[in-house]
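Biologist: I have never looked at this protein before. Could you walk me through it, and tell me how you reach each conclusion?

Modeller: Gladly! Let us open it up and begin.

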Amino acid sequence: MTTPNITHDAVRIATQGITIATDWRELSACRDSDPTLFFPIGSTGPAIDQITEAKAICVQCSVQEDCLQYALESNQEAGVWGGYAEDERRRLRKRWLAERRRRSL
Ligand code: SF4
C-alpha cells in the first residue's frame with residue numbers, strides 16, 4: 001500500500017494510478033509553464049505573443065473555470081488567469097460584480 005503524500009496545497013492519494021487533488025491549482029495546465037507567458041510585461045510587442053501562448057495553454061486546462069472564478073473573486077489584476085488577459089478580465093469583472101449585486105437584491 002502506498003502512503004499518501006501530503007503537501008501544503010493538496011492531498012494526493014496515488015493508488016493504482018488514481019490521483020485526487022483537493023486544490024484546483026494542482027491540476028493547472030500552466031503548473032510547469034514559463035511564468036513570463038502568464039505575467040508578461042505590458043500588453044504590446046512581445047507581450048502579445050506571450051499572452052496568446054498563455055491563452056492557448058488555458059484553453060486546454062481542466063480547471064479554467066476555477067481559475068477564472070478565483071481571479072475574479074480575489075481581483076487578480078496582473079497576468080493571464082482563466083484564459084483572460086488583464087484588460088479582458090477587468091471588463092469581465094465589472095459585469096461579474098454587477099451580476100453579483102443584482103443577485104443579492
Ligand atoms: S486556466 Fe490558464 S492560468 Fe488558470 S490554471 Fe489553467 S492554465 Fe493556468
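Biologist: Is Thr-52 buried or exposed, and how do you know?

Modeller: Keep in mind that this is a predicted model. Thr-52 has 12 other C-beta atoms within 10 Å, and a residue is called exposed at 12 or fewer, so Thr-52 counts as exposed. Thr-52 belongs to helix α2. Its C-alpha is 9.7 Å from that of Val-80, with the two positions 28 residues apart in sequence.

Biologist: Which residues of α2 are buried, then?

Modeller: Those are Gln-50, Ile-51, Ala-54 and Cys-58.

Biologist: What puts them on the same side of α2?

Modeller: Seen around the axis, they cover an arc of only 100 degrees, which means they share the same side of α2. The face turned away from that buried side carries the exposed residues Asp-49, Thr-52, Ala-56 and Val-59. As for partners, the buried residues of α2 pack against α1 and α3.

Biologist: How do you know that the span of α2 agrees with what a helix should give?

Modeller: With 14 residues at 1.5 Å a residue, α2 should span 20 Å, and its end C-alpha atoms are 20 Å apart, so the two values agree.

Biologist: And what does α4 reach from its first C-alpha to its last?

Modeller: α4 has 19 residues and reaches 26 Å, close to the 27 Å expected.

Biologist: Why do you say that α4 lies largely in the open?

Modeller: Count the buried residues: of the 19 in α4, the number is 1, so the helix lies largely in the open.

Biologist: Which residues make up the largest nonpolar core?

Modeller: It has 11 residues: Leu-37, Phe-38, Ile-51, Ala-54, Cys-58, Val-63, Cys-67, Val-80, Trp-81, Tyr-84 and Ala-85. At least two residues each come from α1 (35-38) and α2, and α2 gives the largest share, 3 residues. In soluble globular proteins, nonpolar side chains tend to be buried together.

Biologist: Leaving aside its neighbours within four places in sequence, which residues is Ala-85 in contact with?

Modeller: Ala-85 touches Ile-51 and Val-80 in that sense, since a contact needs C-beta atoms within 7 Å.

Biologist: Let us turn to the ligand. Which residues come nearest to it?

Modeller: Of the 14 residues around the ligand, Ser-28, Cys-30, Cys-58, Cys-61 and Cys-67 come nearest. Two elements, α2 (46-59) and α3 (64-73), give two or more residues to this shell.

Biologist: How many residues of each class does the shell have?

Modeller: There are 10 nonpolar, 4 polar and no charged residues around the ligand.

Biologist: What makes Asn-75 count as exposed?

Modeller: Asn-75 has 10 other C-beta atoms within 10 Å; the limit for an exposed residue is 12 or fewer, so Asn-75 is exposed. Asn-75 sits in the loop between α3 and α4 (86-104). It also has a positive phi of about 50 degrees, although it is not a glycine.

Biologist: To finish, how many helices and strands does the chain have?

Modeller: The chain has 4 helices and 2 strands, running β-β-α-α-α-α from the N terminus. Buried residues make up 14% of its 105 residues. Among contacts between residues at least 6 apart in sequence, 36% join residues at least 24 apart.

Notes. Residues are numbered from 1 along each chain as its sequence is written. This is a predicted model: local features need pLDDT of at least 70, side-chain atom pairs count only at pLDDT 80 or more; totals for chains, interfaces and linings use all residues. A residue is near a molecule or strand if its C-beta atom, placed from the backbone, lies within 6 Å of it. Ala, Val, Leu, Ile, Met, Phe, Trp, Tyr, Cys and Pro count as nonpolar, Asp, Glu, Lys and Arg as charged, and the others, Gly among them, as polar. A residue is buried if 20 or more other C-beta atoms lie within 10 Å of its own, exposed if 12 or fewer, and partly exposed in between; C-beta atoms are placed from the backbone. A nonpolar core is a set of buried Ala, Val, Leu, Ile, Met, Phe, Trp, Tyr and Cys residues joined through C-beta atoms within 7 Å. Two residues are in contact if their C-beta atoms, placed from the backbone, lie within 7 Å. The expected span of a helix is 1.5 Å times one less than its number of residues. The arc is that of the directions from the helix axis to the C-beta atoms.
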